[in-house]
Each structure stands twice: as C-alpha cells, then as structure tokens.
Number of protein chains: 2
Amino acid sequence: MALEHLFQGSALNAVDGKGRVSIPAFLRSVIERRGDSRTIVLAKHEAFSCLSAYDPGYAALKHSKLERLLEKEETNPDAQLEYQQRNLMAFAATEEVPYDSSGRILMPPMMRRKGEVGDFALFLGAGETFQIWNPELLLKDPRIPEDLKDIARFRLEERRA
Amino acid sequence: MALEHLFQGSALNAVDGKGRVSIPAFLRSVIERRGDSRTIVLAKHEAFSCLSAYDPGYAALKHSKLERLLEKEETNPDAQLEYQQRNLMAFAATEEVPYDSSGRILMPPMMRRKGEVGDFALFLGAGETFQIWNPELLLKDPRIPEDLKDIARFRLEERRA
DNA sequence: CAAATACCCACGAAAACCCATTGTATCCCG
DNA sequence: CGGGATACAATGGGTTTTCGTGGGTATTTG
C-alpha cells in the first residue's frame, strides 16, 4: 500500500466566524492527484488531540484491508465483533466534507470540538494523511518533538506581523 | 467486491408523530450513486439492537457473500442450517421502503419495534451499510466503543440547544 | 367508512455558492 | 537586474439553495 502522492509541509490558516477554513493548496493538490474528488475525510486522531485527514480513496483502501482481514477469520466470533467496532469507528466516527472552488471546507462542529480547534488551524503533512491541530495544543503536548514545535511557533509569528 | 460508494458520517433525526424520518442527505446521496432507486432496505442488525439499512442492490451482493460462506464450509452440516437461517433473515426479515421527494421514509411499525426506535433515530455510516439506532440503546451497549458513544452524546446535545 | 399512507406546501436554520479584496509569489520585459 | 504586471492563495461578506421538519389535504385500501 505504497501511495504515490504524499502529504507534506505545514501551514497555519484562520477559521472564520462561519467555521470555514482554507485547506492549503499544496495539500489539496495531493488529494486531487490521488483521485479527483475535491473532498476530504476527517477523523479524530487516535493518539494525539488533533484531527486526521485524508482523501476518500484512502478511506476505501482502509476498508478493504479490514474486509480481507475479516474473511480470514470469518468463523471466529470475537473477530466479528472487533470488525464491527473498527468498521463503525472508520465510518461513523468520520465525516466527509467537500471543499468549494476556493478550497475551503466548513469544519463540522463535531470535528471542531473533537480536535479542539479554535480560531486557527495548523496543517501538518504526515505522508499518507495530514493532521489538523489547534497550534496551542501542539505546543503543550510533551510527545511532540521540539523541532516540530518550532515550526508551529514560526507559523504563529508569521501571522502577527 | 469493493463498493465504490461507502456510507459515512452520523446524524440524529426526529421521528415525527406519523412515524416519518428524514434519511440524512449524505446517506441518500450514496444510495443514489450506487443505483438510482430512492428506496432503502431495512433489516434487524444481526448483532446489535439496531437496524441495518442499505440500497436494494446491496441485498443481492449480500446473498452472494452468504453463498460463498456456505461453499467454504459445505462439509459442516451445521453450516447448512445456519445458511438457511441467515438467508431467510436476509430476505424475509427485511422491508423495502421508498423515501419521498423530501427524503423521508415512513418507518414500518415492525421495524420500529425491532429496532426499538423512539422519537429520535441515530444514523451511523458503516461503509457498505448504515445503521439506525435508538441513541439511548447505543449508549447502554457495552460492546460499543466509548468514542462512538461520544458521537451519540454530541448529537444529542446538539438537539437540546 | 375509517385508517393508514401518499402527496403538497411552508418555514427556519444551516450550508453551499458567488463575488470582491488583499497579500504574496511568479513572470516578463525593458 | 529591477519593477510592474500577473496569477493564485487565503479570507470576508452577501445571497441563494438545500435540508430537516411540521402540518394540511387528497387518495388508497381493507
């Protein structure tokens, strides 16, 4: 499952009063090269207090992986339940949102809450996916390398000028 | 067997006095992309106390999945019986209902009872299918991951404001 | 005829859409 | 090489459309 186009780079964008955010153009270009959808899938990150985002095709890929796993263990009742749970997490706990012609999404209120995203959204490329952070939360997280925090600090400074 | 369009996302909609419920637009769009039917098939979920729903075309697919399962275990006599049971469940114990121009179905009384659906219906995307829950029942089910219950709680809160 | 269902319209909130402005990086040509 | 023109990105604001929902009326069906 080596994806050809990977998400990379960082940006800090504003969330406006209506809850709209521009998806950085360099991330959008990856989405559109992977498939031609102009939509992103949002999910709570499983480890960090941020959101995880990817293109719809990647979601389908994750799904088929789950399916194949299930078929191997079809007779095992425990596997059935675990499959149900993971499947629900993958699809019920995510939201698919289209971005408009200017590259903005309307951040769904539930996701905004889950990711604790305020007036600014920090976008971080993470290869197969990208992340959306409340920059302050990233700075506070002890698990985040200092070099990465420097990037966040730089993006924040850039704004104030 | 990989379906192109998958059910994703969540919503909490009201069931009115006549027993009508709006199928969330984002689920309807998947149904209409899979085939052009404007109807859904309802069934009792095999594991959870909720309803399972999908487009008519998916019923056929489910049938072939069952068949394949049978072939794998045809030496096992118990499997034969299980196949008969599950096949009946898949076809006799389901109801096909059309939704109107505003996207509402009239929830069949039997299904409403089977799923114990009250004044609110929680819709959960599950990839190939979606589920319809009484939100209170989902919150009580120990097999449901906490993250998913958070979603149910959020949807319930959203309403009260 | 009664009860259930299908059809119709209507409203408020939210979301999608359109247009305009600003700032920044890029290009082009003198 | 410099400076103006150009293209695109991010953002603000207004308008239109859609969605979920309530309620009424017709129509079918047993």
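Which residues are the closest to DNA strand D? In this predicted model, 20 residues surround that strand, and the closest are Asn13(A), Asp16(A), Ala25(A), Asn13(B) and Asp16(B). The points below begin with the surroundings of the two DNA strands, then turn to one helix of chain B and to chain A as a whole.

**Around the DNA strands**
- The surface near DNA strand D is made up, by class, of 8 nonpolar, 8 polar and 4 charged residues, and β1 (10-14) of chain A and β1 (10-14) of chain B each supply at least two residues of this surface.
- Around DNA strand C lie Asp100(A), Ser101(A), Ser102(A) and Leu106(A), together with Lys18(B), Asp100(B), Ser102(B) and Leu106(B); by class, the surface near this strand has 2 nonpolar, 3 polar and 3 charged residues.

**Helix α1 of chain B**
- In helix α1 (residues 25-34) of chain B, the buried residues are Leu27(B), Val30(B) and Ile31(B). Seen down the axis of α1(B), these buried residues fall within an arc of 100°, so they line one face of the helix.
- On the other side of α1(B), the residues Ala25(B), Ser29(B) and Arg33(B) are exposed, while the cover over the buried residues includes β3 (39-44), β7 (120-126) and β8 (129-133) of chain B.

**Chain A as a whole**
- Chain A has 6 helices and 8 strands, and from the N terminus on its elements run β-β-α-β-β-α-α-β-β-α-β-β-α-α. Its radius of gyration is 17 Å, close to the 15 Å that the globule rule gives for 161 residues, so chain A is as compact as a globular protein of that length.
- Of the 161 residues of chain A, 30% count as buried.

Notes: Residues numbered from 1 in each chain as written. Chains lettered and ligands numbered in written order. Predicted model: local features only at pLDDT ≥ 70, side-chain atom pairs only at ≥ 80, totals over all residues. Near = placed C-beta within 6 Å. Helix = DSSP H or I, 4+ residues; strand = E, 2+ residues; numbered from the N terminus. Nonpolar A, V, L, I, M, F, W, Y, C, P; charged D, E, K, R; others polar. Buried ≥ 20, exposed ≤ 12 C-beta atoms within 10 Å, placed from the backbone. Arc of directions from axis to C-beta. Contact = placed C-beta atoms within 7 Å. Rg over C-alpha atoms; globule rule 2.2 N^0.38 Å.
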